[in-house]
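Here are a few exercises to work through with the model open beside you. Try each task before you read its solution.

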Amino acid sequence: MTDTRGFVSEVKRKIEKRHEEIVKFRVIAEVADPDDQITFYQIIEDIVRKENAVKEKLAAFDKSGVVDRTDMADEIEKIQKRVEDSIEAARVRIN
């Protein structure tokens, strides 16, 4: 991986975009029926846990002195994919 700063910037940009989605879900959950609120908040918290895993791996990647961080980048990409899949599923369920 030659452009680590670019990779970190891109992941941070994606995190911010996903954060906006999470905020939208929270707004929808706040005005939902009480029974749906519980389900929606559980979905949101699952997404947040996965997003936190991305942030932790990104911090480790950024601080790593390893020259070849390809494996770390691949792992971050896989975790991001899980977050994005969860968000897509939440769009269907919450919206």
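**Exercise 1.** In which hand of crossing, left-handed or right-handed, does α2 pass α3?

*Solution.* Before we start, note that this is a predicted model, in which local features need pLDDT of at least 70, side-chain atom pairs count only at pLDDT 80 or more, and totals for chains, interfaces and linings use all residues. Residues are numbered from 1 along each chain as its sequence is written, and side-chain values use heavy atoms, with hydrogens and water left out.

Step 1: The crossing of α2 past α3 is left-handed (the near helix is turned anticlockwise from the far one by less than a right angle; clockwise would be right-handed).
Step 2: The contact of α2 with α3 is made up of 17 nonpolar, three polar and seven charged residues (Ala, Val, Leu, Ile, Met, Phe, Trp, Tyr, Cys and Pro count as nonpolar, Asp, Glu, Lys and Arg as charged, and the others, Gly among them, as polar).

**Exercise 2.** Describe how α1 packs with α2.

*Solution.* Step 1: Two packed helices are described by the angle between their axes and the distance between the axes.
Step 2: For α1 (residues 4-30) and α2 (residues 34-63), the angle is about 165° and the axes lie 10 Å apart (axes are lines fitted to C-alpha atoms, for helices over the stretch in contact, and angles run from 0 to 180 degrees between N-to-C directions; helices are DSSP runs of H or I with at least four residues, numbered from the N terminus).
Step 3: α1 and α2 are therefore roughly antiparallel (an angle over 145 degrees).

**Exercise 3.** Is Arg18 buried or exposed?

*Solution.* Step 1: Find Arg18 in helix α1.
Step 2: With a relative accessible area of 4%, Arg18 is buried (under 20% relative accessible area, against over 50% for exposed and partly exposed in between, with a 1.4 Å probe and protein chains only).
Step 3: The side chains of Arg18 and Glu84 are joined by a polar contact of 3.3 Å (a pair of N or O atoms within 3.5 Å; within protein, one must be able to donate a hydrogen and the other to accept it, and residues adjacent in sequence count only if both atoms are side-chain atoms).

**Exercise 4.** Which residues does Ile44 touch, not counting those up to four places away in sequence?

*Solution.* Step 1: Go to helix α2, where Ile44 lies.
Step 2: Ile44 touches Ile22, Phe25, Arg26, Ala29 and Ile94 beyond that sequence limit (heavy atoms within 4.5 Å).
Step 3: The C-alpha atoms of Ile44 and Arg26 are separated by 7.4 Å.

Notes. Helices (H or I, at least four residues) and strands (E, at least two) are DSSP runs, numbered from the N terminus. Angles under 35 degrees count as roughly parallel, over 145 as roughly antiparallel, 65 to 115 as roughly perpendicular and the rest as oblique.
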